[in-house]
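Open the model in your viewer and keep the selection tool at hand. The tour below goes from one chain to a helix, a residue, and then the contacts between chains and with DNA.

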There are 2 protein chains.
Amino acid sequence: MPTSSSTYHHGDLRAACLQAALELLEEEGASALSLRAVARRAGVAHSAPYRHYADRDALVSAVAAVGYRELAHSLAAAHPSPSTHDDLAAVAVAYVRFALRRPALFRVMFAEPCDRDSPERVAATAAISGYVRAIVGRCFPDANPEAMSTAVWALVHGLAFLHLDGKLDDSSPAVVSAGVRAAVHAVLAASG
Amino acid sequence: MPTSSSTYHHGDLRAACLQAALELLEEEGASALSLRAVARRAGVAHSAPYRHYADRDALVSAVAAVGYRELAHSLAAAHPSPSTHDDLAAVAVAYVRFALRRPALFRVMFAEPCDRDSPERVAATAAISGYVRAIVGRCFPDANPEAMSTAVWALVHGLAFLHLDGKLDDSSPAVVSAGVRAAVHAVLAASG
DNA sequence: CCGGCCATGTGACCACTGTCAACATGCGTG
DNA sequence: CACGCATGTTGACAGTGGTCACATGGCCGG
């Protein structure tokens, strides 16, 4: 049945499913992310993925974990060790652009009533949380680290979601970047 | 077939569907919000709702719209016309608590790849946006209104989502309120 | 007062999904 | 070399969104 030179056993179906899921998400959107579609794309029977993922949520969690890693990567690429307001704004822009570049993935990461206990997920979010805290420590040495980290992550995360939902102007990457930068600077300048 | 004293024609199935959808969301969670479940609860055939809502998304949009109205109500109840940082923090707390009190509804409002063009939705979000802008005008008369409004909404919205996703401590309402207040004050105090 | 129109509700139907259980295969190990 | 067990397959079931032709009966014109 399989198309070509294929053994009965796939080899690494677990990874293939993950790959297929990411591709589907990118190409067809979140609604196309079904276990059966994943199986089709991987060229296996519709129930084969169950050998590797207990249920749909398990697959989705694995996809989300990949997303967290890629997000962390994008942020790190924006600035190696942000220490000024401008650096912070640059990271914020990277965060929002990631969300707009991979909207379906971003939604899977945050918008699903997530399985908080998935170890992959908690590890990944802990990594992001730690990254934010390190930035805050450098940018705002006098602030309460806990509260300020929360606020910064929330601000950036909120910007991403509002853009994603079309609540803010997202007509071009340039205007998005400018808007994010302006928002970050506005809130940091406002003590009055 | 209908259970009791019922006419063939329901009377106001449109409203009944909406009501049923809200109840389902509250009682069973987002995954239980199906058109068929709505129809069952309203006591009509599974295809009846299609007379009033073109498809599932249309129903969901209507649900989201009532969510927006209720959110606006909760915010207004928190403080009639906020004008200090503390007032603002109180509104932020109300926003986050709304999200935690009605998590499924909140997700429907923001996490679905929304149908941006639904007139009900754009009107509702415009209302919230205007409300935020009015607050910002009073609290931060010197700030850029556009950028500052965006930032404030994003901050509060992000706080809500991070709590909802279990990324922040949400063990009790008191600690949530304290955390939100601390975050808002931290970011507004940080100019350095 | 009555007959018919048409919005509204019905039931059968399709394609699709998640999930399960019984079965087939063949790789790794003894 | 043969056998076990992880891996993949087949087939089935219930539930879902969505469409269609058809039934019903409230309301309006005559």
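What percentage of the 192 residues of chain A count as buried? The figure is 44%. Keep in mind from here on that this is a predicted model.

**Chain A as a whole**

Select chain A and show it as a cartoon. You will find eight helices and zero strands, running α-α-α-α-α-α-α-α from the N terminus on. Along the principal axes, the C-alpha atoms of chain A fill a box of roughly 70 × 35 × 30 Å. If you list the contacts in chain A between residues at least 6 apart in sequence, 63% join residues at least 24 apart.

**Helix H5 of chain A**

Next select residues 103-110 of chain A, which form helix H5. Seven of these eight residues are buried, so the helix is largely enclosed by the rest of the structure. The buried ones are A:Ala104, A:Leu105, A:Phe106, A:Arg107, A:Val108, A:Met109 and A:Phe110.

What covers the buried residues of H5(A)? From chain A, the cover includes helix H1 (13-28), helix H3 (56-78), helix H4 (85-101) and helix H7 (145-164). Chain B adds its own helix H7 (145-164) to that cover.

**One residue: A:Phe106**

Stay in helix H5 of chain A and pick A:Phe106. It has 22 C-beta neighbours inside 10 Å, and a residue with 20 or more counts as buried. Beyond its neighbours within four places in sequence, A:Phe106 is in contact with A:Gly67, A:Phe98, A:Ala99 and A:Leu164. For a distance check, draw a line between the C-alpha atoms of A:Phe106 and A:Ala147: the two residues are 41 apart along the chain, and the separation is 24 Å.

**Chain B against chain A**

Now show both chains and select the contact between them. Chain B gives 40 residues to it and chain A gives 40 residues. On the side of chain B that touches chain A, helix H5 (103-110), H7 and helix H8 (173-189) of chain B each give two or more residues. H7(B) provides the largest share, 13 residues. Colour this side of chain B by class and you get 26 nonpolar, nine polar and five charged residues.

How are the two copies related? A turn of 180° with a shift of 0.1 Å along the axis lays chain B on chain A with an RMSD of 0.1 Å. The copies are thus related as by a two-fold rotation axis. Of the interface residues of chain B, 100% are also interface residues in chain A, so the copies meet through the same surface.

**A helix pair in chain B**

Select residues 13-28 and 56-78 of chain B, helices H1 and H3. Their axes come within 10 Å and cross at roughly 75°; H1(B) and H3(B) are therefore roughly perpendicular to each other. Show side chains for B:Cys17, B:Leu18, B:Ala21, B:Leu22 and B:Leu25 in H1(B), which meet B:Leu59, B:Ala62, B:Val63 and B:Val66 in H3(B). By class, the residues of this contact are nine nonpolar, no polar and no charged.

**DNA strand D**

Last, select DNA strand D. Which residues are closest to the strand? Of the 23 residues that surround DNA strand D, the closest are A:His10, A:Val44, A:Ala45, B:Ser34 and B:Arg56. Helix H2 (residues 35-42) of chain B gives the most to the surface near the strand, with three residues. That surface has 10 nonpolar, nine polar and four charged residues.

Terms used
Residues numbered from 1 in each chain as written. Chains lettered and ligands numbered in written order. Predicted model: local features only at pLDDT ≥ 70, side-chain atom pairs only at ≥ 80, totals over all residues. Buried ≥ 20, exposed ≤ 12 C-beta atoms within 10 Å, placed from the backbone. Helix = DSSP H or I, 4+ residues; strand = E, 2+ residues; numbered from the N terminus. Contact = placed C-beta atoms within 7 Å. Nonpolar A, V, L, I, M, F, W, Y, C, P; charged D, E, K, R; others polar. Least-squares fit on C-alpha atoms with pLDDT ≥ 70 in both. Near = placed C-beta within 6 Å. Axes fitted to C-alpha atoms, helices over the stretch in contact; angles between N-to-C directions. Parallel < 35°, antiparallel > 145°, perpendicular 65-115°, else oblique.
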